[in-house]
Every structure is written in C-alpha cells, then in structure tokens.
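Let's take a walk through a structure together. Have a look at it first, and then we'll go part by part.

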Protein chains: 2
Amino acid sequence: MLQKKLGRRIAELRRSKKLTQEQLAESLGCSVEFISLVERGVNAPSVAGLADFARVLKVEVRDLFTFEDEKR
Amino acid sequence: MLQKKLGRRIAELRRSKKLTQEQLAESLGCSVEFISLVERGVNAPSVAGLADFARVLKVEVRDLFTFEDEKR
DNA sequence: CATGCCACGCAGCTAAACTACGAGTTCGCT
DNA sequence: AGCGAACTCGTAGTTTAGCTGCGTGGCATG
C-alpha cells in the first residue's frame, strides 16, 4: 500500500524533472528494470536507496512520502 | 547517514509517547533487539516497516523523515 | 542491592532488494 | 498508419540486509 504510493510519487517527480527511467537508472547506478518495479510499487527501495532517489530527484526524503490525498 | 537520523527521530518520538523499547516492540510484533538496532542506526526498517512505525507512533510516514537540523 | 531500561557483540536465517534477458504493449511523432 | 522510444511484465537468479535470539554488561534510580 505504502510502496504503491511511493512508486507513484517517484514516477511523478521523475516526470516533472523530464527524466526517462533510463536516465534515472543511470544517475542512480541501478537497472532500468528496478526503476520500473519501484514505480509500479512491486518493489520498494531500501532506506539507503531512498536517500539516493531523493538526491537525484533533488528533493528531501520526506517529500518522497508527501502525497496529495492525505487523510487528516 | 540517513538511517542514523531516522533512528534518532524514532527514539525521540518513542520517548515523547512515554514508551519503552519493549512496549514498542510489543506493538510492532518485533524484537526489542531490533528496536535497539534501528534507533542506533545500525539497521533501518524496510519501507513496509516504516508504515508500521508510523502507525504505532501515531504520526505520518513523512514525519519520520522530518528532522530539525535540516540544512537549507 | 536490586530492578528496569538499554547498548552491544556474535551468529544465524530468510525475505526481499536488486540484477539480467526477452518479449510484448502503449505512447508520442510525423 | 507506422516507426521508434519509453515502458510493462514474466521468469529466474544472486546477494544484501532486515530481523531474529541469546548472553553480557553498563547505567540509572529507588
């Protein structure tokens, strides 16, 4: 559940930066397939990986967990 | 680096709720040793685990990654 | 002293993070 | 319509690290 939201958020951020999955994978030093898995919420990156995603996407880590549809 | 901050944040939140590591472990259904490892930043919980921590500590996931000393 | 809370080393298991390859699908372009 | 780039999605494999238990020992505070 959480990793689905996380994946959607990451995809959203990547597109807003006008990056392809391949470019992102290049910057992160990981495979394109993994990016796909993460964005679809099949896999979730480790906490160390989260830091990498945030760095490359130029956002804070907490922004990766900031969604629009937050019930509160 | 990130997991150290995360650990300190979790410990901080736990104490603010007046909980012991044992009580937290009980609520999470994990071992006390693991709580200790996480809080010291030796290990980091998985993304799924993050959701559990947030639920038990009654905060949003992004609050786990919100630190005071944010350089900006 | 005695009890509760926590750090920490050691050792092990297993789930899942991450990889590669190949074929299929969807899309933006002209 | 058709071309190609971007992406999905199986399957299968490797390896990391998340998570466990046990045992010890430190450090408070009553």
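Here is a tour of how the chains pair up and where the DNA sits.

A quick word on the ground rules: this is a predicted model, in which local features need pLDDT of at least 70, side-chain atom pairs count only at pLDDT 80 or more, and totals for chains, interfaces and linings use all residues. Residues are numbered from 1 along each chain as its sequence is written, while chains are lettered from A and ligands numbered from 1 in the order in which they are written.

Start with the two protein chains. Turn chain B by 180°, with 0.0 Å of shift along the axis, and it lands on chain A with an RMSD of 0.0 Å (a least-squares fit on the C-alpha atoms of residues with pLDDT of at least 70 in both). That's the relation of a two-fold axis. Within chain B, Arg62(B) has the C-alpha nearest the axis, 2.3 Å away.

Where do the chains touch? Counting residues as in contact if their C-beta atoms, placed from the backbone, lie within 7 Å, chain B brings 11 residues and chain A brings 12. On chain B's side, α1 (2–16), α4 (47–56) and α5 (61–64) each give at least two residues (helices are DSSP runs of H or I, at least four residues, numbered from the N terminus).

Now for the DNA. A residue is near a strand if its C-beta atom, placed from the backbone, lies within 6 Å of it. By that rule, 19 residues surround DNA strand C, and the closest are Cys30(A), Ser31(A), Phe34(A), Thr20(B) and Gln21(B). DNA strand D is surrounded by 20 residues, with Gln21(A), Ser36(A), Cys30(B), Ser31(B) and Phe34(B) the closest.

Notes: Contact = placed C-beta atoms within 7 Å.
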